[in-house]
Amino acid sequence: MTGPSPAERLVDLLNLEEIDLNIFRGRSPQESLQRVFGGQVAGQALVAAGRTVDAARPVHSLHAYFLRPGMPGVPIVYQVERVRDGRSFTTRRVAAVQQGRTIFVLTASFHHPEPGFEHQLPMPDVPEPETLPRLADEIREHLGSLPVPFERMARRQAFDLRYVERLRWDASELADVEPRSAVWMRAIGSLGDDPLVHTCALTYASDMTLLDAVRLPMEPLWGQRNFDTASLDHAMWFHRPFRADEWFLYQQESPIATGARGLARGLIFNRSGQLIVSVMQEGLFRAAGARPPGRQPGPSGPQR
């Protein structure tokens, strides 16, 4: 007998336990190499917020800050503050707490759909996802096999990732590389029919590759890391309904990197070319092993 599919495991991860009014608890699997994946915390926090809002008002935006690295294997409690319930908009604030310390905060706004004028930027002309190799297969082809921890993660990965441009494996290939990339994604298996689950699943996925655009001119995406990296903040705007278990194109670019921080922005299109989500994220990029100013190095990645 086979176990649950990657999509089913993701749905289960997003299925928070309601332990009191406005208080939810989420699992944090012992899978991360160093700290809890930021997309997991963002997705779970959005689930907590969404469970306190009428389903007729889908989320239209979120703004979040990663304050501390989360510890794998330790449950995370999500405390929801009902900031406002207006006639058209609803606002929620969520604090993610682990062992008594706030590790993440999120503000989300929900909007009752209304008619209005429309325009959007066009989707770039890229190859279809079926013509591109799966990320894990591309890595195996180059390395011969995946390192054991990554092989285990690849088997449990909830999303099929396919980069539009070939991966660079050596620093000598980076001379002409621009800080931009594009990747096709979709959940591996059905996520069901709850729109909130699809929104939170895509929120989870949005943190997987966005900061790659910052790193591309500096180092290959796979191999020896020269920088300790951590997400600092994350913002998303949801424009149209979508399904995260259908192919979507994540176009990503980095307009600037300076002061040990890099900014990335992304546009997410469905396969029909409709712009469904916009994303912005800033990450910390500190030389590996460097001490933060005025601080001692911590055990779980770069300290802020």
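Modeller: Two strands count as a pair if DSSP finds at least two bridges between them. This is a predicted model, and β3 and β9 are a good place to begin.

Colleague: What makes β3 and β9 a pair?

Modeller: Five bridges join β3 to β9, residues 227–238. The rule asks for at least two, so the strands pair. They run antiparallel. One bridge partnership sets serine 61 against tryptophan 237 in β9.

Colleague: What sheet do the strands form, and in which order?

Modeller: An open sheet of 12 strands, with antiparallel pairing. The order is β1-β2-β4-β5-β6-β3-β9-β12-β11-β10-β8-β7.

Colleague: Why are β1 and β7 called edge strands?

Modeller: Each of them pairs on one side only. β1 covers 17–20. From one strand to the next, the twist averages 25 degrees.

Colleague: Which strands does α5 lie across?

Modeller: β3, β7, β8, β9, β10, β11 and β12. Relative to β9, α5 runs at about 145 degrees.

Colleague: How do you know that α5 is mostly covered?

Modeller: Of its 15 residues, 14 are buried. Buried means under 20% relative accessible area. At the start of α5, a side-chain oxygen of aspartate 194 comes to within 3.0 Å of the backbone nitrogen of leucine 196. The cut-off for a polar contact is 3.5 Å, so that distance fits.

Colleague: What does α5 give to the largest nonpolar core?

Modeller: Eight residues, the most of any contributor. That core has 66 residues. Those with the most contacts inside it are Leu10, Tyr78, Phe104, Phe159, Leu202 and Val277. Leaving aside neighbours within four places in sequence, leucine 202 is in contact with Met236, Phe242, Ala244, Phe248, Ile268, Ile276 and Val277. A second, separate core has seven residues, including Leu132, Val164, Trp184 and Leu249.

Colleague: On to the rings. How many aromatic pairs are there?

Modeller: Four. One of them joins phenylalanine 66 and phenylalanine 104.

Colleague: Why is the pair of phenylalanine 66 and phenylalanine 104 called tilted?

Modeller: The centres are 5.1 Å apart, and the limit is 6.5 Å, so the rings pair. The planes make 55 degrees. Stacked needs under 30 and edge-to-face over 60, so this pair is tilted. Phenylalanine 66 lies in β3 and phenylalanine 104 in β6, so the pair ties together parts 38 residues apart in sequence. Both phenylalanines are buried.

Colleague: What makes the pair of phenylalanine 159 and tyrosine 204 stacked?

Modeller: Their planes stand at 20 degrees, which is under 30, so the pair is stacked. The ring centres are 6.3 Å apart, within the 6.5 Å limit. Phenylalanine 159 is in β7 and tyrosine 204 in α5, 45 residues apart. Ring pairs link Phe37, Phe159, Tyr204 and Phe248 into a cluster.

Colleague: Is tyrosine 204 buried or exposed?

Modeller: Buried, because its relative accessible area is 14% and the cut-off is 20%. Phenylalanine 159 passes too, at 3%.

Colleague: What joins the side chains of threonine 90 and arginine 57?

Modeller: A polar contact of 2.9 Å, which is within 3.5 Å. Threonine 90 sits in β5. At 2% relative accessible area, threonine 90 is buried.

Colleague: What does the side chain of serine 254 reach at 2.7 Å?

Modeller: The backbone oxygen of leucine 263. The backbone oxygen of isoleucine 256 lies 3.4 Å from a polar atom of the serine 254 side chain. Both distances are within 3.5 Å, so both count as polar contacts. Serine 254 lies in β10. Its relative accessibility is 10%, so serine 254 counts as buried.

Colleague: Is glutamine 99 buried or exposed?

Modeller: Exposed, because 59% relative accessibility is over the 50% mark. Glutamine 99 is in the loop between β5 and β6. Its phi is positive, about 50 degrees, although this residue is not a glycine. Most residues other than glycine have a negative phi.

Colleague: What is the phi of asparagine 22?

Modeller: Positive, about 70 degrees, and asparagine 22 is not a glycine either. Asparagine 22 lies in the loop between β1 and β2. At 16% relative accessibility, under the 20% cut-off, asparagine 22 counts as buried.

Technical notes:
Residues numbered from 1 in each chain as written. Predicted model: local features only at pLDDT ≥ 70, side-chain atom pairs only at ≥ 80, totals over all residues. Heavy atoms only, no water. Helix = DSSP H or I, 4+ residues; strand = E, 2+ residues; numbered from the N terminus. Buried < 20%, exposed > 50% of the residue type's maximum accessible area, 1.4 Å probe, protein only. Polar contact = N/O pair within 3.5 Å; in protein donor to acceptor, adjacent residues only side chain to side chain. Phe/Tyr/Trp six-rings, centres within 6.5 Å; stacked < 30°, edge-to-face > 60°. Axes fitted to C-alpha atoms, helices over the stretch in contact; angles between N-to-C directions. Contact = heavy atoms within 4.5 Å. Core = buried A, V, L, I, M, F, W, Y, C linked by side-chain atoms within 4.5 Å.
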